[in-house]
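This report walks through a few local features of one protein chain, moving from helices to a small sheet and then to a pocket. Please keep the sequence and the coordinates at hand while reading.

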Amino acid sequence: MSAPALPPRVLGQPMNRVDGRLKVTGAAPYAAEFNPPGVLQAFALTSRIALGRIADIDTAAAEAAPGVRAVLTHRNAPKLAEPKPAQHSGGGIRNENRLPLADDQIHYGGQYVAFVVAQSLEQARHAASLIKIRYAADGPVLRREAGAKGEKPKKNNGEDVQINKGNVEAALADANHVVVERIYQTPQETHSPMEPSATVAEWVAPDQLTLHDATQYVKGVQDLLSKAFDLKRENVRVISPFVGGAFGCKGAVWPHVILTAMAARVVGAPVKFALSRQDMFTGAGHRTPTTQMIALAATRDGKLQGIRHRVETLTSPVGEYVESCGARSTGVLYASPSIAVEETVFPVNVSTPTFMRAPGECPGTYALECAMDELAAELKIDPLQLRMINHADAHPIHDHPFSAKFLKEAYQLGAEKFGWAGRTAEPGSMKKDGRLVGWGMATATYPAYKMAADVRIRLEANGVVRVQCAAHDIGTGAYTVLTQIAAEAVGVPVEKVTFELGNSDLPFGPVAGGSNTTATVGSAIYDAAKALHLDLAKLATADERSPLHGASPSKVVLTTVGHLSSEEDPGKSDAFADILQRAGKDFVESNGSFKPSLLKPSAAFQSFGAQFCEVQIDPLNPRVQITRFVSVMNCGRVMNAKTARSQILGGVVMGIGMALEEETVLDPATGLPATRNLADYHVPVNADIPAIEVHFVGEPDLAFNPMGARGMGEIGITGTAAAVANAVFHATGKRVRDLPITLDKLI
Ligand code: MOS
């Protein structure tokens, strides 16, 4: 099925964001900005120990403080049902398998221990300071302990985590092979969206809950909250029209969402809880630290014979999160007769990790792509050439052809735009104005995901088209791109389309995760548009006054904007508006859906790209300054040249942060983050970021969906940290194998 060739084409146009004006004027409401009448404010008290229990808690002074309406602790919190996530698609995501305030046990620093509701935030905060807690503390485990065994998960989100193809040990032991074996480490990293998480909960009836929640998954919040409070699913409304960045930390239902709803029920009034920046470091997930051991075996001429990727990550005692670093990066990137991925997860007394932009693939490509650079140096082969030599023409594990890969084209265009041919191989050999210059590159990759979605389209007699799906725009441009798809699929001018999302009352929409929104919701839009055209065709062909009278409805197709024509006699056509008017209808409405196929795919759907980085480093003051970055991506059809570029820019910026700045440091005494605001958890600012060039290559991937588009929210961060680290090596001759690459590591 291909997209109809309609003039004017709207897919791919660099259309401005349809919500841009609302955002820049401050008129776009975010969760914490909803103020139902009588809304009360909440402040959460969190544990100052990482393991143990609450021996005593005295809330008398807090309860008597001015303005206080409730102080919830494990002693008085209502007991809720365990909200088991549904196994089928559509279930919410629960990262933490423990209800908030369930008992006196403390599993990690920062765990909620009391929740104070008052008239004002200041009153709630003051009252919280009056609560006296005596802890019985045990010694927490904060990092992988020597001798700990860990868990080896088989699957993660339904996919194999451990891979074993061929005999990798034999390849590594073969004396004819050049072997590189290195350990790479990435620290705990914390999502730092502009908008911290927030929930406003209102019980509009004893059995009806409305939530304004900063979430990537309104249907998921609806699912889990309805189970926890034993409500009919449709009696929980979750509203989230705008989200100020998320990157994965708003995908799961975190304890504060349940706590806020619980508190609102107790006080009998709406309650608002907005996480502080500090709360975000323990209350909404983070990227687990990783230790990755990569071993590569290659022939002298650079052909990989074995890749072994051993990964150690952490999770909390109350969550089973797996940061699968190898399966969809090392298991996909290069041709090799033997590939092994081994993932081990260790529970520690740190809050539960979660998805963070390209979870797994991001740290995974950092380690593998640094190791490839080390192998290239060992073999004295150009790093780009080494990637070309090992290009995987088919999927390295299951051998399916890639649907539309274009990675070689990405390498070539990137090299050309960057000027890679001018690179001299020797580290430290390139200089400018007394500074060392380094050029590094890496491969980017991220899988193309599709989930399930339902879409409703209503075409009104006045030409307005309303499209509905409980999808999300987490800052990505989804409002705009889905509007473009709807305009093209229905066949109306883009100005006529209004897209409604971010509300659980709408037809089912998937989590805004895994970069799946465009592919999934777009496919459902095409399905609904097809149904709409058929409904219009039935009206027209049954109507004696229509030029299409008597034609078979299934032989009537969209030909040009606002018109259906007979496939057999293209001269006969009818306008949407005329069809509706003659039928005396104010509107027609149709539904469509998309369900990912349960059949094993016959093609491997995966996106690829190439990252090129230039750094300049003063040898006496070796702070890494990135001076150029070129990112070339293949993600199928570019749906909107502006929002696509922004997605990749954002990913690269975040990857630069990972490479040079970001690290959540835990206080070993308490297990609490010592970096807990944006003054000490550094993310890139303008001075850290050079002009970044973004290019796209390739063709629409029409085997993947009718738009030919794969997602691009996450791929931009993959490979970025490796390109930076490789450039730093090229400039200085120093391999820094633990991120971030701060000045002290280069002295
Ligand atoms: Mo993304 S880490 O799947 O929100």
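Directly after helix α12 comes G491, a residue whose phi is positive, near 90°. The model is a predicted one, and the backbone angles and distances described here are computed from it.

**Two helices and the residues that follow them**

Helix α12 covers residues 478–490, and because its 13 residues should span 18 Å at 1.5 Å a residue, the distance of 18 Å between its end C-alpha atoms agrees with what is expected. This helix is mostly covered, with 13 of its 13 residues buried, where buried means under 20% relative accessible area.

Helix α9, made up of residues 361–379, reaches 26 Å from its first C-alpha to its last, which is close to the 27 Å expected at 1.5 Å a residue for its 19 residues. It too is mostly covered, since 17 of the 19 residues in α9 are buried. Just after α9, K380 takes a positive phi of about 55°. The table sets out the values for the two helices.

| Helix | Residues | End-to-end C-alpha distance | Expected span | Buried residues |
|---|---|---|---|---|
| α9 | 361–379 | 26 Å | 27 Å | 17 of 19 |
| α12 | 478–490 | 18 Å | 18 Å | 13 of 13 |

**An open sheet of three strands**

Strands β23, β24 and β25 form an open sheet in the order β23-β24-β25, and their pairing is antiparallel. Because β23 (556–560) and β25 (573–575) stand at the edges and each has a single partner strand, one side of each is left without a neighbour in the sheet. From one strand to the next, the twist averages 35°. The antiparallel strands β23 and β24, the latter comprising residues 563–566, are joined by four bridges, and V556 has S566 in β24 as its bridge partner.

**The second largest pocket**

Which residues lie nearest the centre of the second largest pocket? They are R143, P187, Q188, P289 and L314, out of a lining of 30 residues. The elements that give two or more residues to this lining are β10 (178–186), β15 (290–298) and β16 (304–315), and β16 gives the most, with four residues. By residue class, the lining divides into twelve nonpolar, twelve polar and six charged residues. The volume of the second largest pocket is about 700 Å³.

Key:
Residues numbered from 1 in each chain as written. Predicted model: local features only at pLDDT ≥ 70, side-chain atom pairs only at ≥ 80, totals over all residues. Heavy atoms only, no water. 1 Å grid on protein atoms, 1.4 Å probe; cavity = no way out; pocket = protein on both sides within 12 Å on 5 of 7 lines; lining within 4 Å. Points joined across faces, edges and corners; volume = space filled by probe spheres on them. Nonpolar A, V, L, I, M, F, W, Y, C, P; charged D, E, K, R; others polar. Expected span 1.5 Å × (residues − 1). Buried < 20%, exposed > 50% of the residue type's maximum accessible area, 1.4 Å probe, protein only. Pairing = 2+ DSSP bridges. Axes fitted to C-alpha atoms, helices over the stretch in contact; angles between N-to-C directions.
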